Amino acid sequence: MSRVLLGAGGRVGEEVQVEQGPLGPVQFWRAGSRHEVGELLDHWVETSPWWQRGAATGGGGGASADLVATRQVWRLEAVRAGRSQTSFAGVFDLSWEPAENCWLLVRAHD
């Protein structure tokens, strides 16, 4: 089961701080707690649904509007710092939102 997280204003995702390594996130901070990434499970690129592209890009169209509407998503296994990797690990989806210049925690998998 996975939970989609909602942030400020009802948008999907909760803003988090991320330290990134050469292959992707290596740790992130959520609600004052540091989470260490144990394993990067997957990485993909998503585009906004076609009905949201105009709003996300200022109403423009064309190839450049499609590029602005993309985001990168990493699925990773992470553990809160100081806890045992085997007993307290969780799976999370983090996304980089270039239009907003921020990282979002968008899903937590049970």
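Here are some numbered notes on this predicted model, written as one colleague to another.

1. Confidence comes before anything else. The mean pLDDT of the protein is 79, with 65% of its residues at 70 or more. Strand 3 has the highest confidence, at a mean of 95, while helix 2 (residues 63-68) has the lowest, at 51. Where pLDDT is low, the predicted coordinates should not be read in detail. I would keep that in mind when looking at helix 2, given its mean of 51.

2. Strand 2 is a good place to start on the sheet. On one side of the pairing list, strand 2 (residues 14-20) pairs with strand 7 (residues 102-109) in the antiparallel sense, over three bridges. Within that pairing, Glu14 stands opposite Leu105 of strand 7. Strand 2 also runs antiparallel to strand 3 (residues 25-30), and four bridges join these two. Here Val18 stands opposite Phe28 of strand 3.

3. The connection from strand 2 to strand 3 is a hairpin with four residues between the strands. Gly24 sits in that turn and has a positive phi of about 145 degrees.

4. Please also look at two residues that are not glycine. Most residues other than glycine have a negative phi. Ala31 has a positive phi of about 50 degrees, and Asn101 has one of about 55 degrees. Ala31 lies in the loop between strand 3 and strand 4, and Asn101 in the loop between strand 6 and strand 7. Both are exposed: Ala31 has a relative accessible area of 78%, and Asn101 has 59%.

5. Which residues make up the largest nonpolar core? This core has 12 residues: Val16, Val18, Phe28, Val37, Trp74, Leu76, Ala78, Phe92, Leu94, Trp103, Leu105 and Ala108. Strand 2, strand 5, strand 6 and strand 7 each supply at least two of them. In soluble globular proteins, nonpolar side chains tend to be buried together. The pair from point 2, Val18 and Phe28, belongs to this core, and so does Leu105.

6. Leu76 is a useful core residue to inspect by eye. Leaving aside neighbours within four places in sequence, the contacts of Leu76 include Phe28, Val37, Phe92 and Leu94, which are also members of the core. Leu76 is in contact with Glu39, Leu40 and Leu41 as well, among others.

7. The charged pairs deserve their own look, as the structure holds seven salt bridges. One of them joins the side chains of Glu14 and Arg30, at 3.0 Å from N to O. Glu14 lies in strand 2 and Arg30 in strand 3, so this pair ties together parts that are 16 residues apart in sequence. Both partners are partly exposed, with relative accessible areas of 22% for Glu14 and 24% for Arg30.

8. Another salt bridge is formed by Glu46 and Arg107, whose closest N and O atoms are 3.9 Å apart. This pair links distant parts of the chain, with Glu46 in strand 4 (residues 33-47) and Arg107 in strand 7, 61 residues apart.

9. Arg75 and Asp93 meet through their side chains in a salt bridge of 2.7 Å, N to O. Arg75 is in strand 5 (residues 70-80) and Asp93 in strand 6 (residues 90-97), 18 residues apart. Arg75 is partly exposed at 26% relative accessible area, whereas Asp93 is buried at 0%. Salt bridges with shared partners join Glu46, Arg71, Arg75, Asp93, Glu97 and Arg107 into one network.

10. What surrounds Asp93, setting aside residues up to four places away in sequence? Asp93 touches Trp44, Val73, Trp74, Arg75, Leu104, Leu105, Val106, Arg107 and His109. With Arg107, the side chain of Asp93 also makes a polar contact of 2.9 Å.

11. A last stop is Gln72 in strand 5, which is partly exposed at 32% relative accessibility. The C-alpha atoms of Gln72 and Val45 are separated by 4.5 Å, although the two residues are 27 apart along the chain. Beyond its neighbours within four places in sequence, Gln72 is in contact with His43, Trp44, Val45, Leu94, Ser95 and Trp96. With His43, the contact includes a polar one between the two side chains, at 3.1 Å.

Notes. Residues are numbered from 1 along each chain as its sequence is written. This is a predicted model: local features need pLDDT of at least 70, side-chain atom pairs count only at pLDDT 80 or more; totals for chains, interfaces and linings use all residues. Side-chain values use heavy atoms; hydrogens and water are left out. Two strands pair if DSSP finds at least two bridges between them. A salt bridge is a side-chain nitrogen of Lys or Arg within 4 Å of a carboxyl oxygen of Asp or Glu. Buried means under 20% relative accessible area, exposed over 50%, partly exposed in between (1.4 Å probe, protein chains only). A nonpolar core is a set of buried Ala, Val, Leu, Ile, Met, Phe, Trp, Tyr and Cys residues joined through side-chain atoms within 4.5 Å. Contact means heavy atoms within 4.5 Å. A polar contact is a pair of N or O atoms within 3.5 Å; within protein, one must be able to donate a hydrogen and the other to accept it, and residues adjacent in sequence count only if both atoms are side-chain atoms. pLDDT is the predictor's confidence in each residue, from 0 to 100.
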